[in-house]
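Visitor: Hi, I've got this one open in front of me and would like to talk it through. Can we go piece by piece?
Guide: Happy to. Here it is.

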Amino acid sequence: MDDIAPVEQPHSESPDPERLAASARIERSVNSAMAELTPLERAAFTLRHYEGRSIAEIGKTLGLGTSATKHSVFRAVRKLRAALEPLRGES
């Protein structure tokens, strides 16, 4: 048995051009979809999914009851899913 260590492949620190282009396309699509939300939906979604706030915290911040807060988050998610659905076929 030889004591030869396997050759390690160097890891590239920068992503390939295709991946960079795909990331830029996704970012543009997400930004465009977010811009289509109402200000209330955008705020509720951002607080919930980017900042991890609870429904109670979001409601207090936005001055909404629990039901209205949940509906705002739900509407935002539904609109974003619909707007970003075409990206699913690209991967």
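Visitor: At what angle do H1 and H2 pack?
Guide: In this predicted model, H1 and H2 pack at an angle of about 130 degrees, and their axes are 10 Å apart. That angle makes H1 oblique to H2.

Visitor: Which residues meet there?
Guide: From H1 you have Val30, Met34 and Ala35. On the H2 side they meet Arg42, Phe45, Thr46 and Tyr50. By type, the residues of this contact divide into five nonpolar, one polar and one charged.

Visitor: Is Tyr50 buried or exposed?
Guide: Tyr50 counts as exposed, because its relative accessibility is 55% and the cut-off for exposed is over 50%.

Visitor: And what is Tyr50 in contact with, leaving aside neighbours within four places in sequence?
Guide: Val30, Met34 and Phe45. Tyr50 itself lies in helix H2.

Visitor: Let's switch to H2 and H4. What are the angle and the distance between their axes?
Guide: The angle is about 95 degrees, with the axes 8 Å apart. H2 and H4 are therefore roughly perpendicular to each other.

Visitor: Who meets whom in that contact?
Guide: H2 brings Leu40, Glu41, Ala44, Phe45, Arg48 and His49. H4 brings Ser72, Val73, Arg75, Ala76, Val77, Lys79 and Leu80. The residues of the contact of H2 with H4 divide into seven nonpolar, two polar and four charged.

Visitor: Pick out Val73 for me. What is it in contact with, apart from neighbours within four places in sequence?
Guide: Val73 is in contact with Ala44, Arg48, His49 and Ile55.

Visitor: How far is Leu40 from Val73 in space?
Guide: They are 9.0 Å apart, C-alpha to C-alpha, and 33 residues apart in sequence. Leaving aside neighbours within four places in sequence, Leu40 is in contact with Leu62, Leu64 and Ser72.

Visitor: Where does Leu40 fall on accessibility?
Guide: Leu40 counts as partly exposed, at 33% relative accessibility.

Visitor: And Arg75, over in H4? How does it count?
Guide: Arg75 also sits in the partly exposed class, with 28% relative accessibility. Its C-alpha atom is separated by 9.8 Å from that of Arg42, and the two residues are 33 apart along the chain.

Visitor: New topic: H3. Which of its residues are buried?
Guide: Ile55, Ile58 and Gly59 are buried in H3. They cover an arc of only 100 degrees around the axis, which puts them on the same side of H3.

Visitor: What is exposed on the other side of H3?
Guide: Ala56 and Lys60 are exposed there.

Visitor: What covers the buried residues of H3?
Guide: The cover includes H2 and H4.

Visitor: And what follows H3?
Guide: Gly63 does, and its phi is positive, near 70 degrees.

Visitor: Now the core. Which residues make up the largest nonpolar core?
Guide: Twelve residues make it up: Ala33, Met34, Leu37, Ala44, Phe45, Leu47, Ile55, Ile58, Val73, Ala76, Val77 and Leu80. Helix H1 (17-35), helix H2 (39-50), helix H3 (55-62) and helix H4 (66-88) each supply at least two of them.

Visitor: Where does the largest share come from?
Guide: From H4, with four residues. We have met some of these core residues already: Met34 and Phe45 are among the residues that meet between H1 and H2, and Val73 is one of those from H4 that meet H2.

Visitor: Why do such groups tend to form?
Guide: As a general matter, nonpolar side chains tend to be buried together in soluble globular proteins.

Visitor: Let's zoom out. How many helices and strands are there?
Guide: Four helices and zero strands. Read along the sequence, the pattern is α-α-α-α.

Visitor: How much of the protein counts as buried?
Guide: Of the 91 residues, 19% count as buried.

Visitor: Last one. Among contacts between residues at least 6 apart in sequence, what share joins residues at least 24 apart?
Guide: That share is 52%. Two of the contacts we went through are those of Val73 with Ala44 and of Leu40 with Ser72.

Visitor: Great, thanks for walking me through it!

Notes. Residues numbered from 1 in each chain as written. Predicted model: local features only at pLDDT ≥ 70, side-chain atom pairs only at ≥ 80, totals over all residues. Heavy atoms only, no water. Core = buried A, V, L, I, M, F, W, Y, C linked by side-chain atoms within 4.5 Å. Buried < 20%, exposed > 50% of the residue type's maximum accessible area, 1.4 Å probe, protein only. Helix = DSSP H or I, 4+ residues; strand = E, 2+ residues; numbered from the N terminus. Contact = heavy atoms within 4.5 Å. Axes fitted to C-alpha atoms, helices over the stretch in contact; angles between N-to-C directions. Parallel < 35°, antiparallel > 145°, perpendicular 65-115°, else oblique. Nonpolar A, V, L, I, M, F, W, Y, C, P; charged D, E, K, R; others polar. Arc of directions from axis to C-beta.
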